[in-house]
Every structure is written in C-alpha cells, then in structure tokens.
Amino acid sequence: MKQFTLFSLLILGSALNSFAANYYFSASTGDDSRSPLQARNAQTPWKTITKLNSFFTQLQPGDSVLFKRGEVFSGGIQIVKSGAASLPIVIAAYGKGALPVISGFSNISTWTALGGGIYESPVINTPGKVNMVAINNTSYAMGRYPNADATNKGFLTFEGHGSLYLTDNQLPESPTWNNAELVVRTSRWTIERVPITTTSKARINYSKATDYNLEDGYGYFIQNHIKTLDQFGEWYYNPTTKKLNVFFGAKSPAAYVVQIATTNTLIESKANDIVIANLSIQGANQYGVYSNTANLKNLKIKNSQILFSGIDAIRIYNCANFTLENSEIINSNSIAVNLKYNATDAVLTKNKIRNSGIFPGMITENQAYGIISYTKGFKAEYNQIIKTGYVGIRFAGDNNIIKNNYIDTFCLVIDDGSGIYTWTGKANTTFLNRSVVGNIVLNGLGAPEGTNRTDYAAAEGIYLDDNATNVDVIGNTVANCVNNGIYVHNARNIKVQNNTLFNNKVQIKTVHDDLGNPITNAVFTSNVFFSKMTDQYTFYFKSKANDFAAMGSFSGNYYARPFDENLSIMADYNQSGVGNVQKMYDTRSPLLPYGKNLDNGGGSMRFRPYNLVSVDDSRNKYGIPGFENSNSGLSCWSPKGDCATAWSTTSVLDKRAVKISGKSLGVVALNCGAIDRSKQYILRFSAVAERETQIEVFLRHSTSPWSPLSTSKKIYINPNRTEYEVLFSFPTSVSAAHLIFQAFNENFSYWLDNVGLYEASAIKMKEDEIIRFEYNPTSSDKTILLATSYVDVKNTTYTDKVVLKPYTSIVLMKKTGNLPNSSGSIEGFNSHIDECRVLLNWTWTLNGSFDHFELEESSDGITFASIAKINGNGKTGLQSFQFLDAEIGNVNYYRLKYVYKDGKSSYSEILEEKTNCDASDWQIYPNPLNGGNAELTIKLFTRQPSVIFTIIDQFGRKIKTFQAETISGWNTIRWNLPDLYAGMYYLHHSGSLLSKALPFVVSKS
C-alpha cells in the first residue's frame, strides 16, 4: 500500500485547490462576450445570469461564482453541476457594499390613467399568474372586495353551498364578478382560492372543487378583478392584456417605484454540494430558492436575504443535509422555508423570518408557515420567526430538535394552529426522539373572522396534536396566546417540564377526543402555570372518557392566579350514566379528579383585584340579608325541577339561614331592586357547603330576557364557613334586578346567609403594575433593573435586578408592602411576628366623623373576615393602636376598615405575614419507631381545644385512636403505642388546619 506523509497530503490538497476558479459578474462593467479566462479576473467580469446559466455545466468542484456587491442581476440561476463534499461550488459576492441582488422584479415607470384613481401599465411579459407586486419596497396584496379593513376583516358570509357554488343572500347583484377569484375559508386552518366562472344575485359559481368541504356560515371575499381596486396599492394583473392595474387614488404613480415579479424561480438547484452565500434574492414570482430533484444532498444557504417571494422563499424537497444559516427571509406570501417532503437532516440556525403568509388572498396551497418540515433529523435553533399567517414552526419526523427559537405573533390569517406545532393524525406513526426546548413563543392572536365562530379564536403556543408521540417540551416560555399556552391533544409519551406559561387564556390544556388515542405516559413537572387575569385557567383537563388517572404524573408545578386563585383548574369529562361533567378546582387544592396529585411546587403571592375606597353598608339592596324571618324574596329554579330551598333557625351559619340543594343546575334568584350602570356594588355573603359546591354569582334581569347585567364570578364553597366578597362594576341599568347564585355542578348543597349588596367605590388593581413578565430571546445574559422588590412564584425575592440566562423568562410580583395605598387615609400600618402571633400597630389622625376600626384577616389576601372591632377613646388628633393576633396560620393578610359615623367606610393597604405556624408543618418522631412499648412524639399547631389522632395501616384499616387536650398554638404531645406490628402506618388528626397524613414505620423490636 502506498504511504503518504502529512506534508505530501497538504501539497496534494493545495494542488487540487489550485484548480478551483473564481468567475466574476458585474452588471455595470461586465461583458458576456469575454472568455472564461477573462471572467476569472474581477476587472474583466461577465455581465448576466443568462451567461452564467450557459456556462454552469463547465464549472468544477471548488469553483466560485461571485456577483459584485451593490448591483442588481435579473433572472433565475439554474444550478446544474455538482461540487464535491469537500469542494462545493459556491455562489457568493465580491467587492464592498450591499449584498448583490438576484432579482425577479421588473420595474414599471410608464402609466396610463384609466380614471377613478386606477392606472394601467404597458404590456408586461410574465410567466403566468402574478403573485408579487411591491411599491416602494413594500409588498401589497391584489385588490379585494370587501376590503380587509371592512367589518369582519372583509369576509362576507355564505348561507348555503352546493357542487361548485355557494350562496350569499346579502351579495349585491351588481357588479358581477365573472372570471374573478373566490377566496374562501374552508376550515379554521385552511383558506382556498378557486376561479369564479359567473355570479348572479346571491350565487357565486366556480370551476374548481375546493380541497376541503365548505361549511355554511363561513366567510369569503372576491379578488383578481379590476372592480376591486379602491385602496392605495391594490392591484390586478389582466392575463388577457398582460397589463398591471394599480390604484393610486389622487396620488401620482410617478412618485413611486413599482415592481412586478416576472421570474418564477430565482435559484433552482439540480446538483449536489452547493453553497449560496451573501446574496439578496428578491422578487421571485414563486420561489426564491427551489430544489426538487431526487437524491440530492448538501445545499447550504448562509448570510443571505430572500425577500418578496410570491409563494415560498425556500422550497426544498428530496434533498438531504440542507442548511440555512444566519439569513433573513421577509415577505413570503405562503411559506418562508418549506421542507415538507424528504428533506432529511436539515439544519436551520440563526435566521430571521418575518411576514410569512400575512395576506389571506395571496396564500397558495391553503396554509402559511414560517418553517415546515415533515422529515427526520430536522433541527431548528436560534431562529426568529415574527408575524406568521398560520404556524411558526411545524415539524414531523424522528430526531427533530426545535431549540432556542423566538416566535412572535402568529395565527394572523387562519388559526387552530400555534407557534410550534406537530401532528401525526390517523396514520398514528410512532415518531421517536423529538424535543422542543428553550423556545420563547409569544402572541398567538387567532383569526376567527371568516369562520362560523367569530367569538372564538384558536391560537396555541405549543401544540402537540392528534397522536403526536415522544416529544419533550422542556424549558420553553409561552405567553399572551388567545387560547392555550401548551395544548396536548391526544398525544402520548410526552414530557412537559420546566416551562413558564404566562397570560394565556388557558396555561395548559389536555384533550382526549375521537380524533386520536388517549393521553398516556405524560409527565408534567416543575412548570409555572401563571394566569395573569382572573378569567384564565391554569390547567384545563378535558376527555371523552373517565381516564384522567391514566394520563401520567404531576409534580412540583406552580399553579398561580394571584388575583383570584379560586377555581382556576377545570376538569371536563363524560361520565357513564351521567353525561358531561364539569368540575373546577382551587389552585390550593391538593387533588385533581380521581386522586391525581397536583403537588403544587409552592404558593405565590395573592392580591385583591380591587381596593375598596368606601362602602355604603347602611343600605342593603337585598332586604332580608340574614333570612331572619324566612327565605322570602328568594326562589330557586332548575331545568329538572329538583332545586330545593329550606329555611332554618338552627343552621351551621348564624342560626337563621337558607339551605339550597339539588342534583342538577340550580339558579337561586334574590330580588335586589334597581341597578345603576354608573355605580359599583359589593356583594357580601356567608356560605358553607354540606357537599362541596361550585357556584357562579352575577346580576341578571328579573324578567325576560333574563340576561346577565354584570360580569360573573365563580366561587368554590367548601365545608368550612367562609365570608365571600364580589365586586360588580358598572352593570347594565335596570329598574328591577335579581342577584343570582347559580350552582353548576351536580349534587350541590350549601347554606347561604348574611347576603348584602351595597353601593361602593372601588379602584381596580392594574395587573401590569403588580405583575412583571420578562424574557430574554438572545444568546447572552440579560439584566433587568428593578425599582422595587419583587418575588417569583417560588417566593424568591429580587430587589435591585434580575439576570436572565439566554432563552429564559421570569414572572415577578411586586411585594405587597411596596404596593401603593390606593385607599389612602391610614398612616403607619405595620406588623411583625411575635412567636406564633402577629402584632399589628397603626396610627390615625381622628376627627369627628370617626366611629370605629374593624381589623380584618384573610388567608389568601382576597376573602377577608372581621376579627376585631376597635373603638377610639373619644378624642381627636393623632392616636396609636395595637392588636395581637394569636389565631394565625402559615400565611396571613390583614387590612383595616375605617368606619364613619354615617356607616360608610374605607380601607387600608393589605399587609402580609408568613409563619411556620400551620398544620402543614406538623411533625412526628422518631421515625422509624421501634416496636414494643414505644412512644411517638407529635408536634403540631392548632386552634382547637382538643385533637383526635388516628392511626391507619397500609390497608386502610383504623388501628388506634387517641384524643389529646390542646392549647391554641404549638403543642407537643406524646403517645405510647404498644403492640404495633412492624410495617407502614399513617397518622391522621382532626385539626381544622389538617393538610395531609404523615407516614411512619414501625420496625421490629
């Protein structure tokens, strides 16, 4: 075997490279008559792309074709000769200045006025249908009727359809739209274009069947006709006369640069081992870069631009190892990067993609994407994808990686899509090794216009659709989506971990329906589900079956809705023999349906959604607040007639109260008189559930049409007495209204008392002044300066700054003590911990209008109850007050109510104190416990005079019971436990603050 030294190999490589040649092109100094040898010199270049195409077969591996910077070259390049893996053929730039432009545009400088603001060009030779027109470097859509700024974004509605026609009873008989184009929304996720043959009153006939069946109530518009032109920039290309018509109105076309795309494809590759670098590819009528020759490989585009593409900026099929790097793609009418078929092992990194498929009438093949790939080995990293008509990134295949991309503003034209999307469908192929990691996905807007549900927008952040498998969704940020942050639809074998989901309608939703297999082997761990608004869910579970328990596991997640943690989790399922069931859960509840453990990773701060300035509680709009005499003025209705009310003088509330029960929807109506839209109202009531009950409260017409007058509030009533407060701001005015308590779960039963509806003045808290969302869509650390102290959901405090690592985010909440005092008045209100007590101090400048203080306490910062009444000493001027609260829990909120002599009142700011004085921290030791005559020591905090302890074995059998006398506060209790067999046991106790049982082990003696 012949041996080569390293030196000889270097000499051989140098010799091979010496055969590579550079061929230069200049539009200003070039001459196509020059010889190939002359064209190797930058001083004697060739001129045109036509010359390049005629010479391309003579290029050799390692050769470069170089276009002069700052110049424009018209026409399309045909790549027909391959390079080699180590010696690719390179098409690039030379010289200084802007990138050289490979252009498919023709400029129009001569115009004829047709009247009415419409101008016509001379004859233009185009390759057929025109897809791209730009004016002053801005792309415009062809004219349409109605215009995009009309009602419903310019979509008309059709009431009927048949074979190759639709009917719209509101369609004017004139003008007729013969030979125009119909643009019709055929589903939420598709929009199609078909040729119109004829129109008549109420009917449009077309010549080509749509890919999707039409659905009555959907929308359409008409384009590709000169009669649509009535707004600046709208255009129509007449295929018969080959002339372009543009609407300029009163403006002169001479003041504008108008360009029309006259070349279909600007670079087409039919060869292997090609590099395209440092080019600006502009004005393709169809494709900027195109390849669809079987078994190609190694096409690379880097440091380039692809602008104004009539269909797709890049369409690469049947090519392995495609690379797009550090490039910019703007204004693609359909798709920026189309890798649908057999484009294996493609890598897209550090690209900027903007304005993909944003004109509904210019989309080809029904959908619009930033990036789409259907094949294995696909990798998309560090890309920016901004403003997309449908999906930002769609992937399908084995070994796909979607990592550290920034996707902003999507589902602009069609929806039921997302920022990042994958779907398998009926084929139910099990794909392997897919990851969606560290992406930032913002602002899924939705496009309800043109559908039969204009009240519903469907844009998800990350969407794992029917039968998607083996996807790890880790460390992503999803925010401000009109629908779901993460949507898991019939997907299996997935991991959702360490994601931050913020201010989406639903932070995460799981759905099992008839379109795919059940959700199984799913892991949800260490995520932040943060609902900024009170009408947003943190988690929504939906299934056609009773199968939540089989979904997977949940651990260490944070469920935060700080302005109202009440009922932020929804379970929606079908139950055999019952039908559809909807149950809502509190973020502080330890369990989901069927014992599925939420395992909340920690609590977050809670804020009252409003500050009360004053309450006129001397005038109750409901006349019998405590039901002192009877349940007069109260009625209950249900569709099945099974809602019952019972008045009692010995209730578990304040003796006299009303019990409301039923087995289906139950609507309780209380007369509350006239309601004024210029006013605000505070509703207060006491309630306790005999069975856990979910209700909704709102104001409603007392007669037909029985419609709501106010917003509604969902409330969970539990077996512990609770005092509730709800604000109704500026409801619809009526002379007679009902206050509604509506139970919306089956088998409800609760007591109601102390109902009061009062005129009030309240200041709504501004979420953006309290909650701060920050993200870092860059590859470097980002420092955010803070003017005050904040905490995150883990209760970590940040004072001066917070530093975000690349492609991470954080949700911060302003610390309660730093909030402005919207109600004013109270001075020096403060608190501190004294062992398991809270000492409160305040000062007040009293005047003659003062009557007394009421100190109110809350465990959640939302629902407050009075714990003390404090009178003044009859003097005026500055006075000091103090109160020691010994009845405290782990988290305590306080506010002061200042009550005037006329019955009106105002409130202080809210103070927060945290302690370890809660049953959640109760302890037992030693553990393990030796058998025989052993002593178990119990340490717990309780407010009860006595506590009952119960030992349960691992089979659920009650073994021993013991009652201990206790004091209010911390207690240490010792219990002798003879004759316990070795094994696992659980200790329960009856304290009202019980949060969980504690396990312990008895070992052999």
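**Figure 1. Lys-387, a partly exposed residue with positive phi.** Lys-387 has a relative accessibility of 34%, so it counts as partly exposed (buried is under 20% relative accessible area, exposed is over 50%, and partly exposed is in between, with a 1.4 Å probe and protein chains only). Its phi is near 65°, a positive value in a residue other than glycine. Lys-387 sits in strand β39, residues 384-388 (helices, H or I with at least four residues, and strands, E with at least two, are DSSP runs numbered from the N terminus). A note on what you're looking at: this is a predicted model, where local features need pLDDT of at least 70, side-chain atom pairs count only at pLDDT 80 or more, and totals for chains, interfaces and linings use all residues. Residues are numbered from 1 along each chain as its sequence is written, and side-chain values use heavy atoms, with hydrogens and water left out.

**Figure 2. Phe-308, a buried residue with positive phi.** Phe-308 is another non-glycine residue with a positive phi, near 55°. Look for it in strand β29, residues 305-309. Phe-308 counts as buried because its relative accessibility is 3%.

**Figure 3. Two cis peptide bonds ahead of prolines.** Tyr-145 and Pro-146 are joined by a cis peptide bond, with omega at about -10°. Pro-146 belongs to the loop between β12 (144-145) and β13 (156-157). Ser-174 and Pro-175 are also linked in cis, with omega at about 5°. Here the proline, Pro-175, is in the loop between β15 (165-167) and β16 (181-187).

**Figure 4. An open sheet of five strands.** Read across, the strand order is β86-β92-β91-β88-β89, and the pairing is mixed (two strands pair if DSSP finds at least two bridges between them). The edges are β86 (929-930) and β89 (958-965), each of which pairs on one side only. Inside the sheet, β91 (residues 983-989) and β92 (residues 998-1003) run antiparallel over five bridges. One bridge to pick out has Leu-987 partnered with Leu-998 of β92.

**Figure 5. Alternating side chains along β75.** In a regular strand the side chains alternate between the two faces of the sheet. In β75 (residues 801-804), Val-802 and Leu-804 point to one face and are buried, whereas Lys-801 and Val-803 point to the other and are not. The antiparallel partner shown is β72 (residues 782-785), joined to β75 by four bridges. Opposite Leu-804 you'll find Lys-782.

**Figure 6. Nonpolar cores, with Val-337 picked out.** The largest nonpolar core has 105 residues, and the ones touching the most other members are Phe-67, Ile-77, Val-289, Ile-314, Phe-322, Val-337 and Phe-378 (a core is a set of buried Ala, Val, Leu, Ile, Met, Phe, Trp, Tyr and Cys residues joined through side-chain atoms within 4.5 Å). A second, separate core has 35 residues, including Cys-672, Ile-715, Phe-728 and Val-734. Back at Val-337, and ignoring residues up to four places away in sequence, its touching partners are Ile-314, Leu-324, Ile-329, Leu-348, Ile-353, Gly-370, Ile-371 and Ile-372 (contact means heavy atoms within 4.5 Å).

**Figure 7. Val-506 and its surroundings.** Val-506 lies in strand β52, residues 506-512. With a relative accessible area of 5%, Val-506 is buried. Setting aside neighbours within four places in sequence, Val-506 contacts Asn-483, Asn-484, Gly-485, Tyr-537, Phe-539 and Tyr-540.

**Figure 8. The second largest cavity.** The structure holds four cavities of 30 Å³ or more (on a 1 Å grid over the protein atoms alone, a cavity is a set of points where a 1.4 Å probe fits but cannot get out, a pocket is an open set with protein on both sides within 12 Å along at least five of seven lines, and lining residues have an atom within 4 Å of a point). The second largest has a volume of about 40 Å³ (grid points are joined across faces, edges and corners, and a volume is the space filled by probe spheres set on the points). Its lining is Ser-139, Asn-331, Ser-332, Asn-333, Asn-355, Gly-357, Ile-358, Phe-359 and Met-362.

**Figure 9. The second largest pocket.** This pocket has a volume of about 780 Å³. Of its 27 lining residues, Thr-534, Asp-564, Thr-711, Ser-712 and Lys-713 lie nearest the centre. Strand β68 gives the most to the lining, with five residues.
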